[in-house]
There are 2 protein chains.
Amino acid sequence: MLGAFSALTPRLTLSQISRATGLPVATVFRLAGELEEGGFLQRDASHFYSLGIKLWEMGLLTPVHGRLREIAMPFLLNLQYVTHETVQLAVLDGMDAVYVEKLTSEVGVPIQSRIGARIPLHATAVGQVLLAYAETSLIDDVVGMPLTSYTDETITSKRSLLRELSHVRDRGYAYSASEYVPGAVAIAAPVFVNGRIEAACGVVNYDARTDIEECSAALLNACHGFAARLEELKATGQS
Amino acid sequence: MLGAFSALTPRLTLSQISRATGLPVATVFRLAGELEEGGFLQRDASHFYSLGIKLWEMGLLTPVHGRLREIAMPFLLNLQYVTHETVQLAVLDGMDAVYVEKLTSEVGVPIQSRIGARIPLHATAVGQVLLAYAETSLIDDVVGMPLTSYTDETITSKRSLLRELSHVRDRGYAYSASEYVPGAVAIAAPVFVNGRIEAACGVVNYDARTDIEECSAALLNACHGFAARLEELKATGQS
DNA sequence: GTAATTTTTTCATTCAGTGAAAAACTATTT
DNA sequence: AAATAGTTTTTCACTGAATGAAAAAATTAC
């Protein structure tokens with residue numbers, strides 16, 4: 001029932017939930033009451049339900065937040081401060097990259113992919129980094145599927161994607177221009193913990209104001225700092 | 001069962017969950033399997049369960065994230081950029097203030113209250129702002145309860161708290177020094193939407209390097225910008 | 001002011017969740 | 001290396017809690 005809510009429909013009425021789930025209204029009514037009780041659902045003035053604050057609180061206890069976004073934040077802020085560009089943090093989940101954080105200082109920048117958004121592995125800088133250092137079985141799976149084309153620049157052939165990935169590994173970071181969003185230029189680098197890639201950080205520029213590759217030193221620096229902090233915590237923390 | 005996880009215990013084994021909840025292991029085992037299936041729980045290499053990525057994703061759909069933190073972020077970043085101090089965003093929930101966002105650029109700053117943490121309304125700058133402009137019934141409730149003392153500076157008497165609150169309303173922002181954390185100096189201001197307070201923004205300084213009141217103009221500016229954006233969205237959006 | 005839609009309450013039915021018990025693992029100790 | 005304590009997994013007979021049809025109440029639309 002909570003699954004009926006999405007980024008496009010974050011607010012729903014009782015009967016909308018009923019229709020979306022196929023559950024009878026009476027059932028939805030009862031369940032919604034219980035969920036509201038527990039803070040999993042909340043309703044505003046106009047009888048709309050939204051996901052409740054409890055779910056937000058639980059989300060904060062999730063490894064992706066507590067162990068990644070929380071630790072990464074100071075490094076991302078610093079990177080943003082140094083480069084003045086949009087910076088982003090992404091992780092691999094299944095066959096997608098997922099944005100964990102994204103910082104854009106300028107007020108009023110047109111809406112870009114939100115935090116939590118899933119983006120293709122083959123068509124973005126962070127995606128290519130996550131893929132380049134992923135287990136080979138995942139690479140096989142991804143290149144084995146049809147590669148969706150988003151712009152004229154999107155890599156859509158198996159051969160050129162594999163070539164690009166080894167290129168990324170050689171260089172140590174990925175460079176992508178207009179492969180997903182026309183006009184967007186980005187670089188991204190991996191964050192390793194004990195030799196395994198945990199996340200990717202990127203710097204994006206939406207109108208090619210500056211040569212984005214000038215940011216690579218700062219980006220790699222942020223990634224190393226972040227990785228070092230993660231290893232430090234893993235050693236101290238537990239397990 | 002998900003409630004067994006907390007900021008102090010974000011990772012639990014099967015039997016720890018069983019003990020924490022009082023549920024028999026067999027039941028926990030089955031439920032954990034189902035929850036893992038749905039992405040609500042995940043387990044790492046060493047048989048520990050954590051809350052799953054699905055909960056994080058749902059948390060992002062919550063009004064507190066999508067409608068507050070998301071919108072506030074550019075203003076907070078700018079405020080942080082201008083002041084170079086720690087900036088924070090908090091909302092009222094029940095009888096507590098809850099941190100929604102907090103930005104500290106410098107790497108390695110000692111651990112302070114995390115996002116999602118609940119902090120007292122009477123002993124912090126953001127809390128006092130949220131309380132000062134809250135419904136009078138809440139003010140009555142709060143001053144009616146014993147006011148926990150955290151430092152020598154904490155306001156603990158009903159009279160002086162009420163005086164402080166009207167002081168806040170006169171001035172338009174709150175000022176608090178060492179009332180909750182010794183050495184912490186903070187100011188905070190309200191964010192109004194259609195005359196109702198929706199959130200509070202604050203600037204904190206942990207060693208009184210600078211006179212924090214010098215930041216008040218920037219803070220009020222950020223709050224107004226944020227408030228204007230919220231009203232804009234409320235008008236456009238829906239409802 | 002009436003019709004259409006949405007929300008709330010009630011209640012007999014039934015079926016899905018429960019947890020005891022035992023087996024299969026996994027560490028830890030001597 | 002064998003014994004022990006702790007943890008995880010599987011099975012299954014039982015039962016109580018969840019279900020949803022139907023009707024009433026409230027709200028919204030025309």
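**Surfaces near DNA strands C and D**

Near DNA strand C, at least two residues each come from α1 (14-21) and α2 of chain A and from α2 of chain B. The model is predicted. Near DNA strand D, the elements giving two or more residues are α2 (25-37) of chain A, plus α1 (14-21) and α2 (25-37) of chain B.

**DNA strand C**
- This strand has 13 residues around it.
- The closest are A:T13, A:L14, A:S15, A:A26 and B:A26.
- α2(B) is the top contributor to the surface near DNA strand C, giving four residues.
- By class, this surface holds eight nonpolar residues, four polar residues and one charged residue.

**DNA strand D**
- DNA strand D is surrounded by 13 residues.
- Closest to the strand are A:A26, B:T13, B:L14, B:S15 and B:A26.
- α2(A) gives the most to the surface near DNA strand D, and its share is four residues.
- The class split for the surface near DNA strand D is eight nonpolar, four polar and one charged.

**Residues on both lists**
- A:A26 is among the closest residues to DNA strand C, and A:A26 is also among the closest to DNA strand D.
- B:A26 likewise appears among the closest for DNA strand C and for DNA strand D.

**Chain A overall**
- Chain A contains eight helices and eight strands.
- Its C-alpha trace spans about 60 × 45 × 40 Å along the principal axes.
- Chain A has 239 residues, and 41% of them count as buried.
- Among contacts in chain A with a separation of 6 or more, 53% join residues 24 or more positions apart.

How values were computed. Residues are numbered from 1 along each chain as its sequence is written. Chains are lettered from A and ligands numbered from 1 in the order in which they are written. This is a predicted model: local features need pLDDT of at least 70, side-chain atom pairs count only at pLDDT 80 or more; totals for chains, interfaces and linings use all residues. A residue is near a molecule or strand if its C-beta atom, placed from the backbone, lies within 6 Å of it. Ala, Val, Leu, Ile, Met, Phe, Trp, Tyr, Cys and Pro count as nonpolar, Asp, Glu, Lys and Arg as charged, and the others, Gly among them, as polar. A residue is buried if 20 or more other C-beta atoms lie within 10 Å of its own, exposed if 12 or fewer, and partly exposed in between; C-beta atoms are placed from the backbone. Two residues are in contact if their C-beta atoms, placed from the backbone, lie within 7 Å.
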